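Student: Please take me through one part of this model closely, in a single connected account, and then place that part within the rest of the chain. I would like the pairing and the charged side chains treated together where they meet.

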Amino acid sequence: MRKILLVVFAWFACICAQAQTEIITATPEGTLYPTVLGSSQKTYLTTQGGFGAFSDNSGYRSSIVIDGDDMYIHNIIREYPGIDSWVKGHFVSADVVEFEFPQPVAVDPKSGNVLYAAMLKAVQTNSGIDLVADTEAPVLRLKSNEERSKFSQIMPETDNSTLSVYSGMIGLVDAKGSFKSYAEQNVSYTIWNELPLTPSPNLETQSYTASYLDSWNDSLKRFVKVGVDGEELWICGLCDALPDAWIKGSIQADGSVIFNTDQYLGVANDYLYFMCCAQKNGRDFSMTETMTMKAVEGGYEADGPILFNLGCSRVFLGIAVNELKLTVVATSDPIPVNPEFGDPEWSDSEGMGIADVLILPEDVNGQALDPENLYYRVFFDGELVALEYDEAGNPITELKYGKESDLILFAYDWHFILFLEPLKSIGVQSVYKVDGNEYCSEVVTFDFPQSSVSAPSVDSKQPVGVSYYSIDGAPLSAPAGICISKTTYSDGSVSVAKIMKR
């Protein structure tokens with residue numbers, strides 16, 4: 001078997017020498033389609049001998065250029081960090097386009113070696129299964145619809161063997177044809193021309209508190225705007241990734257509102273987001289066609305959940321909004337609730353500390369506050385801290401909710417405050433500014449023990465699940481770089497922490 005692999009690698013090296021040697025980084029000439037909805041049945045991220053696939057990689061953004069019978073796809077090896085290149089294919093008939101591999105797509109930042117996109121095949125070895133470049137079937141074939149707006153991979157026929165599950169994979173390899181950890185299978189691309197829903201600019205809105213349970217059954221509240229335009233009801237602010245996105249429902253004779261599924265919201269974190277109507281089955285969700293909100297005293301109640309989903313073909317990393325209730329914000333003094341500390345700590349070995357503090361956009365009456373008007377201040381040992389400086393060098397001592405600086409990281413209402421010297425105490429205050437008035441919470445203080453290290457608590461609860469998110473709040477399949485981990489425990493409690501994955 002080793003001899004077979006050596007022959008494959010030698011043959012592939014010969015093909016690479018004859019193939020296109022320059023990576024296509026400039027946008028090719030032709031008609032550019034900048035927003036393309038991409039998906040793959042499986043994405044493989046691990047290395048030889050232990051393929052860790054997660055399925056339904058859906059909703060990611062790509063781009064396509066069509067120039068006569070030539071077609072280019074941007075970043076076909078979707079998950080490789082920092083990739084920015086195109087591969088070239090050719091229409092061999094009116095509805096089939098072929099991409100002949102290998103084609104150079106990236107450079108390994110450590111070795112400086114060129115990496116190639118190639119079709120892969122699985123080879124059984126004494127130590128397990130290896131993926132190698134397929135020199136016998138090196139062509140990716142995509143089937144096009146008549147309008148040449150949707151392209152789906154033509155999967156090769158298989159013999160249902162153990163190795164057939166790897167059939168049709170497009171992966172990243174080196175010049176020898178050795179697999180370099182990233183691959184996609186059963187890909188499809190849809191040119192996306194639809195724009196996000198937008199109401200009339202003259203729409204008059206009213207402030208509401210949206211109360212709901214999220215995907216982890218945490219009870220949350222959000223500030224949303226609701227407006228009525230004839231027989232349409234519009235809601236803005238429900239999607240955390242796209243807070244300015246709108247969804248639209250049709251008002252019925254009895255006052256209820258019906259929302260259709262698959263409402264396109266826009267692009268965030270390089271994914272296309274959709275509002276999808278859903279139903280809950282245990283802990284899982286499945287898509288439905290509609291969701292109805294019933295008119296109740298002071299607002300509306302939904303009869304089922306909705307998902308803010310990546311893509312619209314299947315449930316994929318959808319953030320749930322379950323048991324949604326909309327309540328009109330009553331007129332009152334909007335004093336923000338007090339911030340809450342998690343478990344601040346100082347590390348002598350790292351020479352730094354971090355304080356995790358929960359700042360909720362809510363007032364003391366349980367109503368949602370507009371995050372655009374919410375600020376916070378930080379105090380080190382009782383002294384107000386300059387969180388950043390303006391262009392003139394003047395200190396800025398309060399930041400808008402969710403805003404980051406050199407000292408602050410943010411994810412899902414949690415603000416992570418970095419400090420580089422041991423402290424006796426750290427304090428945080430929420431400030432809400434509206435209509436020329438300023439409303440302040442108490443300054444909540446965390447006192448460090450005299451050792452400057454917070455004592456760990458003994459707890460019998462056990463972690464039952466961990467989720468990872470980028471600093472921007474995008475879901476991650478695994479920790480990468482500086483990111484946020486969210487741990488759910490057996491007693492139902494949740495902890496959030498900043499981690500760094502090298």
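Tutor: A good place to start is the bridge that pairs Gly227 with Trp234, its partner in S15; please keep in mind throughout that this is a predicted model. Gly227 itself belongs to S14, where Thr205 stands opposite to it, and the two bridges of Gly227 can therefore be followed outward in turn, towards Thr205 in one case and towards Trp234 in the other, taking the strand as residues 219–229.

On the S15 side, S14 and S15 run antiparallel and are joined by 5 bridges. They make a hairpin with 2 residues between the strands, and within that turn Gly230 has a positive phi of about 65 degrees. On the S13 side, S14 pairs with S13, which covers residues 205–213, again in the antiparallel sense and over 9 bridges. This pair is also a hairpin, with 5 residues between the strands, and here Asn217 is the residue that takes a positive phi, near 65 degrees. As a general point for reading such strands, side chains in a regular strand alternate between the two faces of the sheet.

From S15 one can move on through a charged pair, for the side chains of Lys248 and Glu232 meet in a salt bridge with an N to O distance of 3.7 Å. That contact links distant parts of the chain, with Glu232 in strand S15 (residues 232–236) and Lys248 in strand S16 (residues 246–251), 16 residues apart. Neither partner counts as buried: Lys248 is partly exposed at a relative accessible area of 28%, and Glu232 is partly exposed at 27%.

This salt bridge belongs to a count of 12, and another group makes a useful contrast in its surroundings. The side chains of Glu398 and Arg377 meet in a salt bridge at 2.9 Å, N to O. Because Glu398 lies in the loop between strand S31 (395–396) and strand S32 (399–400), while Arg377 lies in strand S28 (residues 374–380), the pair ties together parts that are 21 residues apart in sequence. Both Glu398 and Arg377 are buried. Arg377 has a further salt bridge, to the side chain of Glu438, at 3.1 Å, N to O. This one links Arg377 in strand S28 with Glu438 in strand S36 (residues 437–440), 61 residues apart. Arg377 counts as buried at 15% relative accessibility, whereas Glu438, at 43%, counts as partly exposed. Through shared partners, salt bridges join Arg377, Glu398, Lys433 and Glu438 into one network.

A buried acid elsewhere is arranged otherwise. Glu184, in strand S12 (residues 179–191), is buried yet has no salt bridge, and the nearest side chain of opposite charge, that of Arg78, is 6.1 Å away. Its side chain is instead joined to that of Ser40 by a polar contact of 2.6 Å. Leaving aside residues up to four places away in sequence, the residues that Glu184 touches include Ser40, Lys42, Asn57, Arg78 and Met169.

As for the setting of these parts, the chain has 1 helix and 41 strands, and 47% of its 502 residues count as buried. Among contacts between residues at least 6 apart in sequence, 57% join residues at least 24 apart. The chain exposes about 24,900 Å², of which carbon and sulfur atoms supply 48%.

Terms used
Residues numbered from 1 in each chain as written. Predicted model: local features only at pLDDT ≥ 70, side-chain atom pairs only at ≥ 80, totals over all residues. Heavy atoms only, no water. Salt bridge = Lys/Arg side-chain N within 4 Å of Asp/Glu carboxyl O. Helix = DSSP H or I, 4+ residues; strand = E, 2+ residues; numbered from the N terminus. Buried < 20%, exposed > 50% of the residue type's maximum accessible area, 1.4 Å probe, protein only. Lys, Arg positive; Asp, Glu negative; His and termini not counted. Polar contact = N/O pair within 3.5 Å; in protein donor to acceptor, adjacent residues only side chain to side chain. Contact = heavy atoms within 4.5 Å. Areas by Shrake-Rupley, 256 points an atom, 1.4 Å probe, with all protein chains shown as cover. Pairing = 2+ DSSP bridges.
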